[in-house]
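Student: I'd like a close look at one part of this structure rather than a tour of everything. Pick a part, stay with it, and tell me what packs around it.

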Amino acid sequence: MRPDRLARLKVFAAFALLLACLLATPATADRGQFTFDDWDGPPLRVFYSRPGTLANDTPLVFVMHGVRRNADEYRDQWHDLAMEHEFLLVVPEFNAEDFPGSRGYNLGYREDEAGNPRPRQLWSYAAIEPIFDDVRRREGLRTERYALYGHSAGSQFVHRFIYYVPEARVSQIVPANAGWYLMPDEAAAFPYGLDGSGVTTDMLRAAWAKPVTVLLGELDTDPEHRYLRRAPEAMAQGPHRFARGQRYFDLNRRSAKRLGVPFNWHLVTVPGVGHENRRMAPAAIPYLLP
């Protein structure tokens, strides 16, 4: 090959390599936070962990924090899993000032303190889909769906979210170790049952068709746990979280069977683990990223 032609080829190869590097997502893993305000509710802090390399279709996993509103701790507990399994981790924070009590977080802030309905666009549930779109824009992703996990109070958020946001673009849903549930029981009053909940039969059908894994720690059996609700209506669901989760799954399974509709849920128990997000998280990975 002529020397001048060889030189031109080398220059072209070098240019192509440089262009590829410029277009590629930087191969730097990091964790951080940003403020999300592109919705009708108050600004939210969003914590994240980004793997070293992002492809256009990198999986995106939302994790919902517990009652202590400790989104940063949840992000840190999930960080190594995000790096190992190469997914983008997103943990929004619903602070107690803007989303007070279980009404403001666990129950989606659908009602105000007086029990009056709030606009749908102000529900805490309403933030998840816009955050998903915002993260996709920020990272240049074409990922079309996201997985959703919640532990404890976050699990309460998640298992109700699937009823009230049936259009959500979720791929897999894992509620873990909730303290009490919205049971598919028409005789029980909201927030423990369907009476007054606004959840219709069609909404139940849509929820049962979704890929849900109810994840329970087999040692989450402390009836005196400091954050376990012990109101009579909650105690009617079982003496502890493990029993309540089993009852929740079983009632949904039986209700779907009675109506003759598909039921795409699974119950998975985690041996040797109690009420510990850090130890439940690894067990959730196969059901979030099947």
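Tutor: One definition before we start: two strands count as paired here if DSSP finds at least two bridges between them. Keep in mind, too, that this is a predicted model. With that said, let's take the sheet, and β5 in particular.

The sheet is open and has 8 strands, in the order β1-β2-β4-β3-β5-β6-β7-β8, and its pairing is mixed. The edges belong to β1 (30-36) and β8 (265-270), each of which pairs on one side only. From one strand to the next, the twist averages 20 degrees.

Now zoom in on β5. It covers residues 146-151 and runs parallel to β6 (residues 170-176), and 5 bridges join the two strands. To find your place in that pair, look for Y149, which stands opposite V174 in β6.

Next, what lies on the sheet? Start with α5, which lies across β3 (60-64), β5, β6, β7 (212-217) and β8. Its direction is at about 135 degrees to that of β5. Helix α9 (residues 277-288) also lies across β3, β5, β6, β7 and β8, but it runs at about 150 degrees to β5.

The α5 contacts lead into the largest nonpolar core. That core has 57 residues, and the two that touch the most other members are F161 and W265. The biggest contribution comes from α5 (residues 153-164), which supplies 7 residues. F161 is a good one to centre your view on: beyond its neighbours within four places in sequence, its contacts are Y125, I128, Y146, L148, A168 and V170. There is also a second, separate core, made of 24 residues, among them L81, L215, A281 and L288. As a general point, nonpolar side chains in soluble globular proteins tend to be buried together.

So what about α9, where A281 and L288 sit among the buried residues? The buried set in this helix is N277, M280, A281, A284, I285 and L288. These residues lie on the same side of α9, because the arc they cover around the axis is only 165 degrees. As for their partners, the buried residues of α9 pack against β3, α2 (71-85), β5, β6, β7 and β8.

A283, another residue of α9, makes a useful contrast. Its relative accessible area is 22%, so it counts as partly exposed, given that buried means under 20%. Even so, A283 has contacts with L215 and V270, leaving aside neighbours within four places in sequence. P271 is 12 residues away from A283 in sequence, and their C-alpha atoms are 9.9 Å apart.

Since α2 packs against α9, have a look at R75, which lies in α2. R75 counts as buried because its relative accessibility is 8%. Its side chain makes a polar contact of 2.7 Å with the side chain of D76. Further along the chain, and not counting neighbours within four places in sequence, R75 touches R31, G32, F47, Y48, S49, L89 and V91.

D134 gives you another charged residue to inspect, this time in α4 (residues 128-139). It counts as buried because its relative accessible area is 10%. Its contacts beyond four places in sequence are F34 and F36.

Finally, follow the chain out of β6, the strand that pairs with β5. N177 sits in the loop between β6 and α6, and it has a positive phi of about 55 degrees although it is not a glycine. N177 is also buried, because its relative accessible area is 1%. P191 is placed in the loop between β6 and α6 as well, and the peptide bond leading to it from F190 is cis, with omega near 10 degrees. For background, most residues other than glycine have a negative phi, and most peptide bonds are trans. Y109 also has a positive phi of about 55 degrees without being a glycine. It belongs to the loop between α3 (101-104) and α4, and it is buried at 9% relative accessible area.

Terms used: Residues numbered from 1 in each chain as written. Predicted model: local features only at pLDDT ≥ 70, side-chain atom pairs only at ≥ 80, totals over all residues. Heavy atoms only, no water. Core = buried A, V, L, I, M, F, W, Y, C linked by side-chain atoms within 4.5 Å. Buried < 20%, exposed > 50% of the residue type's maximum accessible area, 1.4 Å probe, protein only. Helix = DSSP H or I, 4+ residues; strand = E, 2+ residues; numbered from the N terminus. Contact = heavy atoms within 4.5 Å. Axes fitted to C-alpha atoms, helices over the stretch in contact; angles between N-to-C directions. Arc of directions from axis to C-beta. Polar contact = N/O pair within 3.5 Å; in protein donor to acceptor, adjacent residues only side chain to side chain.
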